[in-house]
Structures are given as C-alpha cells and as structure tokens.
Amino acid sequence: MRITIDDQISTLQHRGGISRYFAELIDQFRTANEHAVQPVTARFAKSEHYLDRGIGRALPGRLGHRRVLRLANRMASRTRACDAVHHTYYDPSYMVRYVGAMHRITTVHDMIPELLPELFPGGNPHLAKEKYVRAADLVLCVSETTKRDLAKLYGPLGAPVVVTPLGVHQRFSPDSPRLRQL
C-alpha cells in the first residue's frame, strides 16, 4: 500500500514533536516494513527530524521558505499515485489538494486549543482540524485521553478512531512484541 505523507508539518516545523513523530513513522515504514506500507514523502523539507533521516532535502536560503518548499513539493508529486494520504496538520488548503479515490488518514495529537481556548488569544492554531477529522476514513489519536476529548467535542464520527501511541521506534519499547501483519 502506498501512503502519501503530506508535507504540511515537514515544511512548517523546523523542529517539533509532530514533525519528529512523522519522521519516525516514515523511517519505520522504510526500514522495518513487515506491513508492506510504502510511504511517499515530500522531496523537500525544512524539518531537521526529516532531514536527519534522509527524508527529503533542504533548499538553500530564501528558497527554504515554507511557501517555496510547498510549491516545489506540489510540482514534484503530481504523478505519484497512492492508496491513501496521511495528513500531518490541518491547513485548509490541503483539503482540496488531495481528492479523488484516495483514503484519508488524520492524526489528532491533542484537543488543547478546543478545550482551553483562553490559552490561544490569536485563535485556534489547529485551523481546520474538525474538517479533517470529519473527512477522514481513519482517525488516529495519540492517547485514550485525546480520543475521549475528540468524542466529547466533535460527537460521533463516520470513521473509526484508533489510539496509536507516539513511540514508533523499537527503542521505546524494546521488550514488546512486533506488530502483527494486518
């Protein structure tokens, strides 16, 4: 199965927890792929977590600006057909970019801006999160708490909601059994 990992977070964060999560996930699919998932990633990134793992490459100077990186990635990925897209953040413009027969996967890391809006005087930084969640064929939550918060705030969803803890590398749980083939 070919899964596009969109470039939202890899062009947004220089370093951060979400970009590290996706870099680790992509790296695991590339190196220990007993599940036959082939990640299709952006050709250009600014995230050090991506670049440290050889996922994409940086563009020099002003060319490394997010808008330029996203335009270069869009031009480079036009011919890549995939079975699904895994959205890495909630930019509304990406909702229309990935349409058609492709399945959508969205990861929800937390519901803090929705639960504590007073902490975000500039508005919710998660932009179109609810639209992504409602359009998803599969919603991944990083914890049971996030899953409960999501259900409380958004109500019933049309897609399965699955808890997937963040530590994807074997070093986070060396004594645990490997995941079984689905």
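Start by selecting Cys 141 in this predicted model. Cys 141 is buried, with a relative accessible area of 0%. Then add Cys 82, which is also buried, at a relative accessible area of 15%. What is the count of disulfides here? It comes to 0, where a disulfide would need a pair of cysteine sulfur atoms within 2.5 Å.

**Whole chain**

Zoom out and colour by secondary structure. The protein has 8 helices and 6 strands. Read from the N terminus, the elements follow the order β-α-α-β-α-α-β-α-β-α-α-β-α-β. Of the 182 residues in the protein, 40% are buried. Switch on the surface: its accessible area is about 10,200 Å², and carbon and sulfur atoms contribute 58% of that. Among contacts with a separation of 6 or more, 65% are between residues 24 or more positions apart.

**The sheet**

Hide the surface and select the strands. They form an open sheet of 6 strands, in the order β2-β1-β3-β4-β5-β6, with parallel pairing. Which strands lie at the edges? The edge strands are β2, residues 38-40, and β6, residues 161-163, each of which pairs on one side only. On average, neighbouring strands of this sheet are turned by 25° against each other, direction ignored.

Walk across the sheet from the β2 edge. Select β1, residues 2-5, together with β2: the two run parallel and are joined by 3 bridges. Show Arg 2 and Gln 38 here; Arg 2 stands opposite Gln 38 in β2.

Next, keep β1 and add β3. These two strands also pair in the parallel sense, over 3 bridges. The residues to display are Ile 5 and His 86, since Ile 5 stands opposite His 86 in β3.

Move on to β3 and β4, the latter covering residues 103-108. They run parallel and are joined by 4 bridges. Ala 84 stands opposite His 103 in β4.

Stay on β3, residues 84-87, and turn on its side chains. Which way do they point? Ala 84 and His 86 point one way, while Val 85 and His 87 point the other way. All four of these residues are buried. In general, the side chains of a regular strand alternate between the two faces of the sheet.

**His 126**

Now leave the sheet and select His 126. This residue lies in the loop between α6, residues 112-115, and α7, residues 129-135. Is His 126 buried or exposed? His 126 is buried, because its relative accessible area is 11%, and buried means under 20%.

Show the side chain of Lys 129 as well. The side chain of His 126 makes a polar contact with the side chain of Lys 129, at 2.9 Å. Then display what else surrounds the histidine. Leaving out residues up to four places away in sequence, His 126 touches Tyr 89, Tyr 90, Asp 110, Pro 113 and Glu 114.

**Pro 156**

For the last stop, select Pro 156, in the loop between α8, residues 144-154, and β6. Pro 156 is exposed, because its relative accessible area is 76% and exposed means over 50%. Add Arg 134 and draw a line between the C-alpha atoms. How far apart are Pro 156 and Arg 134 in space? They are 9.5 Å apart, C-alpha to C-alpha, and 22 residues apart in sequence.

Terms used: Residues are numbered from 1 along each chain as its sequence is written. This is a predicted model: local features need pLDDT of at least 70, side-chain atom pairs count only at pLDDT 80 or more; totals for chains, interfaces and linings use all residues. Side-chain values use heavy atoms; hydrogens and water are left out. Buried means under 20% relative accessible area, exposed over 50%, partly exposed in between (1.4 Å probe, protein chains only). Two strands pair if DSSP finds at least two bridges between them. Axes are lines fitted to C-alpha atoms, for helices over the stretch in contact, and angles run from 0 to 180 degrees between N-to-C directions. A polar contact is a pair of N or O atoms within 3.5 Å; within protein, one must be able to donate a hydrogen and the other to accept it, and residues adjacent in sequence count only if both atoms are side-chain atoms. Contact means heavy atoms within 4.5 Å. Accessible areas come from the Shrake-Rupley method with a 1.4 Å probe; for residues, only the protein chains shown count as cover.
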